[in-house]
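User: Please take a close look at the salt bridges in this model. Where do the partners sit, and are they buried or exposed?

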Amino acid sequence: MNSRQTFRIAHVDGWLADGGVVLTANERAARAVSVDLGRARRAEGRSAWPTPAVFAWDSWVREEWRKRNRAGLVLLNPLQEQALWMRVIGRSRTGQGLLHPGRLADAAQRAYRLLSSYAPDSLKPSARLGWTGDATVFSEWLEAFESRCRREGLVSNSRLGLELTESLTQERFLGRDGEVRRSPLLLIGFDRLLDTQIALLDAWGDWRLDGTGQGSLSRQFLAAPDAATELAACMVWLRAEVAKDSDARLIVVTTALQERRGELERALLDSGPDGGVVDFEFSLGVPLGQTGLVRSAVLLLRWLHESLTEAELDWLIGSGHCAGSYEEEIALAEAMRAFRRRGQERPEWGLDDFASSFERRDAESEGPAGHEVWANRLLSAREQLQAVPKRQSPLEWAEAAQRLLKAVGWPGFRPLSSAAFQALDRWERLLEDCGSLGFDGSQVEWAEFVATVADAVSSTIFAAESSDAQVQITEPLESAGQLADGIWFLGANEEAWPSRGQPNSLLPIGLQREMGMPHASPQADWELAQQATERLFSSANEVVFSYAKLSAGTEARPSRLAVRQVGEAVDLSEDSTYPDPREDQTESFPDNSLIPFPHRIIGGGAATLTRQSLCPFQAFATARLGADDWEPAETGLNAKQRGQLLHSVLHRVWSGSARGGISSLAELQGISDLHLFVRGAVRVVMVESFDSNRRNSLPSRFPARYLQLEAERLTELVSDWLEYERERQSFAVAATEVKREVTIAGLTFTLRLDRIDTLEGGGKLVIDYKSSEVGPKAWAGERPDDVQLPLYATFAVDGDLEGLVFARVRPGTTKFYGRVRSATETLRPDLTARDRLVSDPLTELQLAEWWERIERLGEDFLAGRAVVDPKEPDKTCAKCHLHAICRINENQPWVAVAGDSEENGDSAESEEGAGGGDA
C-alpha cells in the first residue's frame, strides 16, 4: 500500500470515527475504499470489524429517500419505468403506429434523467412553453408521465435526488434538524458536482470534498507506431511493476472499453517471461444476456413457444446448461451430428421438429436415448405451459418461468462457478423485476413476457463481484475514487479523448448547452475530460498516457488535452524500456513421426485423396479424426441438395426402359416431346426425394409452390442438357450410379461413378455431372486440385477407356469438359480444332502419370503423412474449416484465408455437384 493510499485511509478512518459517512461517485469506488479499509484492518491484526459507512451516491440517495417516504410512494424499478414510458408514448397522439416504441421510451427515460439532474426547473410545464419540434412532443409525454406518477403514487429513480432535497428542506423549515443528528459527508471520486447535488448536500448539512489528492511523481506521454505495439508496451509495463512490487495496485484506463475488451483480455491472459499471468478484472460488466447461463435460460423459454435458429440450438446444446447428465449432453451432440449427416439440417428448429427427427430405435433397445429424454422433458414443460390461461399477469408468468426451467433440467448437471452463481442470482432478481411489470394490473401472453425478459437481459449489465484484482481495467470516468501505484491510459488520441457523443435528441440543444449536459458541446466534453485527467494524476504516483500513431488503418494525432497536461508525446524507440524484452524461446525441430492408418477400408473415396493432395492435414483431420465441416442450413434448398436432385433426375432419365427412362442416343433422338419426358422424370424424383418415410429424404418443410418452381428449373436444365447430348456420336449408357470397390496402395475405397457410356467402337466414356464451373485444369500438376475423375479412369473402369469428362449442366454453359482420345470421332462431330477436347486429347502418358500420383497419395495417407502443407495457402486455406486445429494462421501469418481465387472455372470441387461422387 503506497503513501497515497495510506494517507487517504487515515483520513477516512478519522472521518468515520467522528461519525461521518463517506460517499463515492460510483459503486466501484465504494468497493475500492471499503477494500482499502479492510486491508488496513487486517494489517492491524484484526479479524473482524464493523462495516464502514461507505456508500455510492445513488445507493445513499435511494436509502435516505426511503427513510423519509412518509407518503408511501412506490419507487419504480428501471423496467417498470420503461414500461410506463412506453404506455404513455403509445397512448399519445404522436406515438400511435410507432415501429420501435421501446427505443423512444429509452430515449425519453434518459431525457427525463438529464432534466432531473441538470435542469430541474424545466420539469415545470410553464418552463417548457417555448420548446419546439421533438422537444414539444417530449414535453407532452413528460406531462402525461408525471401526471400518472402523481395519480398512482409512483416515483422515478431520476427524481429521488430532488425528492430528498425537498424532504430535507422541509425538515429544516419545520425545525426537525435537531431531532436526528445528520452525519457529516465526505465525498470521494467526484470529477464534478452538479447544482442539484450541491443543493441536496447543502440541505443535508455538513459535507466536504476529499482534499487528500497529491500530484503524480512521474508523468509520461508515449507514442507507439500502432495499437498492437502500444498494447504490448502496456503489458510489459504491468509485468515490470508487478515484478518490482508484488502488492502493487495498477489501473489500465481506456475509452470504449466494451469494444476493446477482447483484445485486452487476450493480452492480459498471455503469460509473461516467467510464465506468470497478470491478476486482473474489468470494472465494466457485460450484458446479462451474454452470460452462458442466462442466455441458455432465455433460449429454453423461447423454445417452448417458437422456433430457434440452427445456430441458437447448436449453442444451447453445447452450452453445458441444458442437459441433465454427461451422457445426455453427448447424446444431444450426436443427434445434431446425425441430423446433418442425413441432410436434415434446417434454418429453424421447432420443438416438435426436433423431437420427431430422431431415427427410430430398434425394438430391442431399452428405454429412450439421452436426447429423447431431454426432448420429452421439454415437451412435458410445454404441456404445462399450455395448461395455464393464455393471458396472465407478469408476476404469474415469472413464477411459471422458474417452474418450467426447473422442469427442463436447467441450469444443467455441472456445478456452478462463483461467477455463474452470481449470474443466477442476478437472473432471479431480473425475473422478479419483470414480474413487477404487472403493477398496473395488466396481463400479457407468454410470448410477450418472454420477449420482455429477452430485452431486459440484453440491456442489463452484469459484473461479477470484485475480486480485488491487482490490475483494474476501467474507463476514465469509471475510475473515479480509485487509487493505485501506477496508471496507464491507453488510446489517448484526439478522437478518443475527450470522448465524444451526441446530445439528447428530445431536449432543446440550447437548454443542454446552457446547463452543461453531457455531449451538448465540445467545450462541455473538454471540461469534464480535463477534470477526469487531473483526477487521474492525483490518483497514482506514476501515470502514463499513450496513443498509437496508426489507428484502424488511419493516422491518428495525440490528444490535445494529454499534450497540455503532460507535454508532447515521446516515441517508443527500440532501446526503450517499454518494448517487451522477452526473447522467443521457441525451439523448432522437424517432426518426422508418422502414425500409419490402422485400417484398410476408408470412407470418403476420391475426396480423401484430393485432400491429401491439397493439404495432407486436411485428409488426416477429416478422414481419421472425423473433423467434418457442416454448412449452415439455408432457407431454401442448398447447393448440395440441388445437386442431389439433378443427379437423381439424370439417373432417372438414363435408367432404361424398365424404369421409364432411356439408355442410348437412338432412344433420346426418338423422343418427340423432350420437355414432357423430362417433366415426368422430375415429377417422380421430387415425390421420392421429399418422402419423409424414405431414408435420407430431403427436408419436407418447403412450400408446395417453392418445390414446383424447383421442378420447373430442373425440367428446363435437364431438357437443355439432353438437347446438347442429342448432337453426340452414337453411344449407349452402360450404367449409372455405378459402385466400384478399388484398392489403391493397399487402401480399399468405395466409389460411385455418375455414369459410364459405351461408345460406338466399344470404348468407355466416364461422365461426372457438375453444375458449377469445373474443368480438367484441376487434374494437372504433381499435386492435383481434384483427383476424382483421374481416379475413376485409372482404377475403376473395366475395358478400353476412351475418355473422361465433366458434364457441366448449367444454364448458358452446357458443355463437356475433360480429356477424350478422339473427341470428334467419339463425342461430337461439330467440335473444332480450337476446342480443348480436341487440342488436348487423352493419352496413355496422362493415364500413367495420374496412376502414379494417385498411388503416391494413397501411400502417403496410409503411412500417416499429415503435415500442414497447403498447396496454395491463399486458395486452399480459404476453403478449409480446420484453422483452429492446424493453427496455420498462428504459425504462418502470411496465409490468406479469405476470398476465393478460382480462375477460368477450374475449381477443385463442385458445390452443387456434391450430390454425386463417392460413398
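Analyst: The salt bridges come first, followed by some notes on the backbone.

The model is predicted, so local features need pLDDT of at least 70 and side-chain atom pairs count only at pLDDT 80 or more, while totals for chains, interfaces and linings use all residues. Residues are numbered from 1 along each chain as its sequence is written, and side-chain values use heavy atoms, with hydrogens and water left out.

Side chains of opposite charge can pair when their charged atoms come close. A salt bridge here is a side-chain nitrogen of Lys or Arg within 4 Å of a carboxyl oxygen of Asp or Glu. The structure holds 57 of these salt bridges.

One of them pairs D13 with R41, at 2.7 Å from N to O. D13 belongs to helix α1 (residues 3–17) and R41 to helix α2 (residues 27–43), so the contact ties together parts that are 28 residues apart in sequence. Helices (H or I, at least four residues) and strands (E, at least two) are DSSP runs, numbered from the N terminus. D13 is partly exposed at 23% relative accessibility, whereas R41 is buried at 10%. Buried means under 20% relative accessible area, exposed over 50%, and partly exposed in between (1.4 Å probe, protein chains only).

A salt bridge also links R535 and D191, at 2.8 Å from N to O. R535 lies in helix α20 and D191 in the loop between β5 (185–188) and α8 (195–204), so this pair ties together parts that are 344 residues apart in sequence. Both R535 and D191 are buried.

In the pair R340 and D314, the closest N and O atoms are 2.4 Å apart. Helix α13 (residues 326–341) carries R340 and helix α12 (residues 310–318) carries D314, so parts 26 residues apart in sequence are tied together. R340 is buried, with a relative accessible area of 14%, and D314 is partly exposed, with 29%. Elsewhere, salt bridges that share partners join E64, K67, R68, E171 and R182 into one network.

The backbone notes concern peptide bonds and phi. Most residues other than glycine have a negative phi, and most peptide bonds are trans. The bond from W410 to P411 is cis, with omega near 10°, and P411 is in the loop between α16 (394–408) and α17 (418–435). A cis peptide bond also joins W497 and P498, with omega about 5°. A256 has a positive phi, near 50°, and is partly exposed, with a relative accessible area of 34%.
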